Each structure stands twice: as structure tokens, then as C-alpha cells.
Amino acid sequence: MKITVIVPSEQYLQTAGVRIRYKRISAALAQLGWTLDIVPIGDVPDLSVEDSRIYVLSKCQDARAVVLATAAKRAGIVVGIDLYDDYFSQEVDSRFATQRLWLQSMARETSFFLCSTARMLEVGEAVFGDGTGYVLGDPHEEFDPQRLAHELDVKIRKAKRERYIQILWFGIAENPSFPVGLHDLSAFAEALLPFQDNSYKATLTILTNKEGIDGQVLERLRRIPIPFVVAEWSKKREEEAFSRSLVSFLPVNYQPFSIAKSLNRGVSALVGGTQVLTAGYPLYQDLEEYVYCDGSCLIEDLENAQLKLSNQNIEVFSDWIGRQAAPATQALNLVKFLEAKIDSSPDAAVGDQQYAVLHGAKSTSSINNFAQRLKWLSLASPLLPSGMPCDAHLGFCGADTTLRLRVSQAGLEQLPEQLRVEAVWADRALGKGPSWEVPLASHNFAYPLETICNLIKRAGCADAAINTQVMKLTRQFFNAIFENLSIVEAEIDPVENIIRDLNQRTCLHVSR
């Protein structure tokens with residue numbers, strides 16, 4: 001059996017998320033007779049259950065994901081999404097209207113979702129329904145218990161002998177939407193005060209992406225009560241820092257985005273051979289047996305040779321972390337969940353249903369190309385500038401003020417015969433666009449076309465609301481001229497999506 005994980009681009013194949021979440025369970029899946037392939041969405045092969053039985057879309061938050069999920073489901077492939085982060089539960093935050101609407105669309109086209117925490121399970125099931133989600137914890141890296149015991153013994157002895165504690169913070173410097181990362185480090189810096197007020201000397205190493213650090217960030221870091229150094233993160237530097245650090249400091253704030261994060265950093269810090277000190281929201285409560293919430297308690301346990309993670313309890317720790325985050329355990333439980341979804345999934349759809357993507361003002365060529373590669377119709381509204389090679393474009397050609405319908409050869413072949421026979425070669429003097437023009441005057445499209453023209457001619461602060469209505473009427477028009485058509489909108493303009501989101505949640509509608 002094959003699982004295909006689909007990511008937004010080639011660059012995502014090198015991210016920590018792919019490395020930690022998927023690659024660590026790949027070998028364990030193979031032992032169970034499953035293969036795992038990770039491909040960019042633009043490189044998805046022909047849809048076939050013989051190639052892959054399951055698709056998992058990860059971080060592909062645009063119309064291509066909706067298109068692919070719909071097409072794959074029709075081909076009999078079981079489709080799910082991986083909800084990495086919580087951009088969905090902040091219902092009063094208009095910045096994430098696009099993500100909320102995307103999730104609602106994906107919930108209609110997919111069978112399940114994966115997530116990392118119980119909190120994220122709640123967020124997903126509020127949209128997908130009960131029993132549709134599975135908590136796939138981030139697996140730990142393979143480690144040698146004997147080697148880990150030796151490294152712990154050396155670090156603990158050295159810290160007591162030299163009266164010196166090295167502390168590590170590692171992570172992304174910032175998030176463009178939420179105050180996290182170094183913001184949390186500075187906000188909870190008081191948790192490091194016990195390391196200043198004792199007989200030990202302490203220093204902090206900060207491993208992060210330097211492009212996220214500016215003058216304001218450095219000013220906030222001045223709150224840290226112990227000396228610190230900042231270095232560029234790399235996997236090698238993280239491993240080196242674990243080997244010499246006694247403590248990893250992992251503070252968490254209380255915002256919805258943060259409390260739904262995975263336990264990966266806590267698991268990595270423990271397997272890396274450090275004590276874990278946290279502050280703020282108890283995200284790491286499932287690791288509670290090996291996590292400190294008070295630096296004074298950690299120092300006291302160090303003095304009394306009773307640290308929560310030490311060479312003395314390494315066998316107990318190995319058994320415990322194996323139950324929590326072993327790749328083999330995670331792979332087995334995931335397979336059981338997916339097998340149940342396969343057994344309950346419908347067969348491939350049959351029939352004459354035709355699918356299409358409808359483009360708005362901000363649609364991109366990548367969505368157009370993706371839809372056409374999957375043999376979908378690509379339809380352009382009057383809001384899309386001419387030039388994109390769509391299969392049909394209802395719009396104004398050149399300086400002409402009359403709405404015209406132009407279609408490509410593929411679009412022409414999908415039209416009913418009474419419209420197809422009337423098509424003429426398009427006048428190239430009217431500008432770029434598909435090759436054929438279908439006369440509309442003799443057909444009963446006058447009302448929506450006239451309304452669309454009047455809406456587009458309006459101007460002022462209500463443009464976004466007008467554009468939403470134009471898209472609605474354009475959808476009605478294409479549904480009228482193409483038979484058995486199901487349309488997915490590719491519009492990605494957040495302003496228009498905010499209005500759609502508000503309409504859905506308040507039942508307010510824009511009048512014509």
C-alpha cells in the first residue's frame with residue numbers, strides 16, 4: 001500500500017516538518033508493507049489507485065488542493081489533509097478568512113485529517129465532524145540508550161564539577177501572523193532567574209534563523225537575565241548544542257496558535273539528552289514525567305543527583321518514550337487508522353460530471369495549469385485580465401464594452417451542440433484570449449450578462465462586495481452553458497474571502 005504526501009513545492013521537501021513528521025516513520029511503514037512518497041503538488045502523477053491508495057495534502061492551502069482532492073476522490077483515492085498549525089479557530093480574526101474557507105472546502109472533499117495534538121483534533125473535528133481526525137504525534141529520532149546514558153552522566157558530572165549550566169533555546173525566530181518564537185523566549189525570560197540566583201553560573205545558547213532577528217527582537221532579548229549568544233540554526237548545530245547543554249528551555253504562550261502546536265521540540269530535547277524546562281501554557285503536559293516547570297526544582301534535583309532524565313533511569317525513559325513517540329508505534333497506529341478509512345471509502349465515481357475551476361481577479365497561472373493538467377475546464381470571469389490560456393473566458397475583449405464568450409478548442413468540445421455550431425473564429429483585433437467566440441445575443445443569458453456589466457461599471461469602496469456578486473453570477477452563467485458542471489472557485493483575494501466568510505457566519509448577503 002502506498003501513501004503519497006503532497007507538499008506545496010520542491011523547497012518544502014527540505015523542511016523540518018517533512019523530515020520529522022514523515023521521513024522518520026518511512027522505514028517503519030516499509031516494515032508494515034507500506035511505502036511513503038513525498039511529492040510537490042505540481043508533480044503529482046496521474047491519478048490512479050494502482051499508483052497510490054491514499055493522498056495526504058500538507059500545507060497546500062490554495063485552490064489546487066481542492067481541485068486535487070476532488071479529482072483524486074473521483075478516481076477512488078482516499079484523500080486527507082495534515083493540519084500542521086491552527087490558522088482556523090480564530091473566527092474573529094479576518095486575516096485567516098481565506099484559511100477558514102479553504103478548510104471548509106477541503107472538508108467536503110476529503111475523508112480524514114491528521115494533526116499533532118488533542119487541541120488540534122478539536123479544531124479539525126469542529127469542521128470535519130467527530131471521528132474524522134487522527135493525532136499523529138511527531139516521532140522521535142532513533143537513539144542509542146547506552147550512548148545517551150553516557151552523555152547524560154558526563155554532562156551532569158561536568159555541570160556539578162564546574163558549577164556551570166549550559167541552557168539551550170532552539171526554534172523559528174518568529175511567525176508573520178503570531179507572536180511566537182523569540183517573542184516567547186523574551187516574554188518568559190523570568191523563568192531563567194533561578195539560574196542567576198544560585199551558586200551555578202549559567203549561559204543560554206539561542207539557535208534560530210537569523211533572518212527573523214531585527215533590532216526590536218534584540219531589544220526584547222535584553223530581558224533575558226543570564227548571558228546569551230545567538231547562532232544560526234542547523235541540524236548539526238542543534239545536535240552539538242544538545243550534546244553540551246544540560247537544559248532546553250521551551251516556553252509557550254497561551255494563544256490558540258501556540259497551544260495547538262506539536263510536542264516535537266520537547267521530544268527532541270529529551271532524546272537529545274537535555275532536561276526540559278518549560279513556562280507558560282502546559283503544552284508539554286504529556287511529557288510531564290520528564291519536564292520541569294520551575295528552574296529552582298531543576299537545580300535542586302541536580303544538586304541531589306535526582307534529575308528527571310539521568311543515566312540512572314535511562315531504561316525506564318527508553319520504554320516511556322517508545323510508548324510516546326517511537327516511529328514504529330506511530331507508523332502502526334497510523335496504518336490502522338488509514339486502513340479503516342480505506343475500507344469505508346466509496347469506489348471511483350463514474351458518470352458524465354464535468355469539473356471546472358473559475359478564476360477571479362487574483363487567480364494565478366499555477367492554478368490554471370494544474371486544473372488543465374487534470375483535464376478540468378479552466379473558466380475565467382470578467383474580473384480576470386485577458387491573457388491567461390483558459391478554456392473559456394467571459395469578459396471584455398480589448399476596448400470593447402460588450403461581454404463576450406471566448407473558448408479554446410477544449411472548451412468548445414465541451415459545449416452543447418447548439419452553442420458549438422454557432423462558434424466563430426475570434427477576432428484577434430479584440431485582444432488576447434481563447435481562439436473561438438460563441439455569440440450570446442440569441443440565447444437567454446441577457447439578464448445575468450446585463451447585471452454583470454452593471455456591477456463591473458460601479459466603483460467605490462464596495463468593490464470587493466461587487467466582485468463577489470460578479471463571481472456568483474459568472475458561476476451561474478457557466479453552469480447554464482456547460483452541462484453537468486461542478487465548479488471550484490480559484491479566487492484567492494483575502495478581501496473577497498472575508499466577505500464570503502462573513503456572509504456564511506452572519507447570513508448577510510450582498511444585494512444585486
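**Close-up 1. Three elements share the wall of a cavity.** In this predicted model, β1 (2-7), α1 (16-31) and α13 (327-344) each supply at least two residues to the lining of the second largest cavity. So who exactly lines the second largest cavity? Look for Ile 3, Val 5, Tyr 22, Ile 25, Leu 36, Val 56, Leu 114, Leu 136, Leu 334 and Leu 338. The space inside this second largest cavity comes to about 60 Å³. Searching the whole structure turns up two cavities of 30 Å³ or more.

**Close-up 2. Six strands line up in an open sheet.** Read across the sheet and you get the order β2-β1-β3-β4-β5-β6, with parallel pairing. Which strands sit at the edges? They are β2 (35-40) and β6 (133-135), and each of these pairs on one side only. Going from one strand to the next, the twist averages 25°. If you're wondering what links neighbours like these, strands of a sheet pair through backbone hydrogen bonds, in either a parallel or an antiparallel way.

**Close-up 3. Strand β4 is tucked away.** Five of the five residues of β4 are buried, so this strand is largely enclosed by the rest of the structure. Its residues point in two directions: Val 78, Gly 80 and Asp 82 go one way, while Val 79 and Ile 81 go the other, and all of them are buried. Next door is β3 (residues 54-58), which runs parallel to β4 and is joined to it by five bridges. To find your place along this pair, spot Val 56, which stands opposite Gly 80 in β4. You've met Val 56 already: it is one of the residues lining the second largest cavity.

**Close-up 4. β5, β6 and the helix that packs on the sheet.** Strand β5 (residues 112-115) pairs with β6 in the parallel sense, over three bridges. A handy landmark here is Cys 115, which stands opposite Val 135 in β6. Helix α4 (residues 118-128) packs on the sheet and touches β4 (78-82), β5 and β6. What angle does α4 make with β5? The direction of α4 makes about 160° with that of β5.

**Close-up 5. Checking the length of helix α3.** Helix α3 has 13 residues (97-109), and at 1.5 Å a residue they should span 18 Å. The C-alpha atoms at the ends of α3 are 19 Å apart, which agrees with that estimate. Which residues of α3 are buried? They are Ala 97, Gln 99, Arg 100, Leu 101, Trp 102, Leu 103, Ser 105, Met 106 and Glu 109.

Notes:
Residues are numbered from 1 along each chain as its sequence is written. This is a predicted model: local features need pLDDT of at least 70, side-chain atom pairs count only at pLDDT 80 or more; totals for chains, interfaces and linings use all residues. Side-chain values use heavy atoms; hydrogens and water are left out. Helices (H or I, at least four residues) and strands (E, at least two) are DSSP runs, numbered from the N terminus. The expected span of a helix is 1.5 Å times one less than its number of residues. Buried means under 20% relative accessible area, exposed over 50%, partly exposed in between (1.4 Å probe, protein chains only). Two strands pair if DSSP finds at least two bridges between them. Axes are lines fitted to C-alpha atoms, for helices over the stretch in contact, and angles run from 0 to 180 degrees between N-to-C directions. Contact means heavy atoms within 4.5 Å. On a 1 Å grid over the protein atoms alone, a cavity is a set of points where a 1.4 Å probe fits but cannot get out, and a pocket is an open set with protein on both sides within 12 Å along at least five of seven lines; lining residues have an atom within 4 Å of a point. Grid points are joined across faces, edges and corners, and a volume is the space filled by probe spheres set on the points.
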